[in-house]
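Student: I have a model open and would like to learn how to read its strands and its core. Where shall we begin?

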Amino acid sequence: MRLSRIIMALTVGLAVLAAPTAAGAAQPQPAPGSPQPPVYPPGPATLAVSPPTVLVGETATLIGSGWAPGETVIITVTTSPLAAAVPGADRARRSNGDLVAMAPVSLQRAPQPSPSTLVVTADAAGNFRTTYTPRAPGRYTFRAVGQTSGKVATATLTVLKKHQPPLPVTGDSLSTPMKFGGGLVGAGAVLLLLSLVWRKRHRFGMGAAR
């Protein structure tokens with residue numbers, strides 16, 4: 001009687017142990033050669049701009065890493081005006097000579113050829129590089145979105161105005177000094193003529209007196 005109970009207990013234990021293995025074997029397995037589910041690299045994706053500050057017309061490099069291998073990344077570009085403390089921002093001069101930052105009520109940008117969307121493809125390691133050349137001053141924000149992994153990364157670029165070279169001196173700017181000089185020459189000629197006439201009359205008067 002005891003032997004039969006022992007045998008029954010062993011049978012039940014073996015059945016319990018074999019149940020998970022049988023359940024795993026019952027799960028459908030991918031067929032050989034079928035596409036495997038994508039494996040994304042761990043960690044967040046990154047986006048950087050080098051250098052972080054450029055002048056209008058200079059080229060910056062966008063550097064991405066941590067994206068899915070071979071995925072398409074769409075980068076959206078938005079711009080905003082420079083802050084008052086940033087060198088190169090627009091400033092106005094008061095009547096007393098003080099410089100103050102301009103605070104525009106509404107921002108109106110001239111049309112610029114710089115693209116507002118960039119499309120790049122990550123390499124097998126999930127990295128990419130692309131360039132961007134801004135055509136107007138301001139703060140540029142780049143927002144990259146992976147079309148396969150769904151990862152998002154942002155970076156900013158500060159674009160300053162170019163320093164304008166001094167304008168060459170033209171004839172208009174010299175007109176006032178030339179007119180003033182011409183007036184002095186004319187006045188001198190008149191005084192010289194009057195001096196000669198006075199000398200002539202003085203000599204003639206002295207001769208008549210003799």
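Tutor: Let's start with one strand, keeping in mind that this is a predicted model. In β7, L118 and V120 make up a covered face, while T117, V119 and T121 lie on an uncovered one.

Student: Why do the side chains of a strand fall on two faces?

Tutor: Because side chains in a regular strand alternate between the two faces of the sheet. You can follow that here: L118 and V120 belong to the covered face of β7, and V119 to the uncovered one.

Student: How does β7 run relative to β4, parallel or antiparallel?

Tutor: The two strands run antiparallel and are joined by 5 bridges. One residue pair to look at is I75 with its bridge partner L118 in β7.

Student: Which residues touch the most other members of the largest nonpolar core?

Tutor: That core has 23 residues, and I75 is in this group along with L47, W67, F142 and L157. Strands that each supply at least two core residues include β4 (72-80), β7 (117-121) and β10 (152-160). The largest share, 4 residues, comes from β10.

Student: What does L157 touch?

Tutor: Leaving out residues up to four places away in sequence, its contacts include V49, V54, A60, Y140 and F142, as well as the prolines P51, P52 and P134.

Student: And how do I read the whole fold?

Tutor: Count the elements: 2 helices and 10 strands. The order from the N terminus has α at the start, then the β elements, and α at the end. Among contacts with a separation of 6 or more, 67% link residues 24 or more positions apart. Of the 210 residues, 19% count as buried.

Notes. Residues are numbered from 1 along each chain as its sequence is written. This is a predicted model: local features need pLDDT of at least 70, side-chain atom pairs count only at pLDDT 80 or more; totals for chains, interfaces and linings use all residues. Side-chain values use heavy atoms; hydrogens and water are left out. Buried means under 20% relative accessible area, exposed over 50%, partly exposed in between (1.4 Å probe, protein chains only). Contact means heavy atoms within 4.5 Å. A nonpolar core is a set of buried Ala, Val, Leu, Ile, Met, Phe, Trp, Tyr and Cys residues joined through side-chain atoms within 4.5 Å. Two strands pair if DSSP finds at least two bridges between them.
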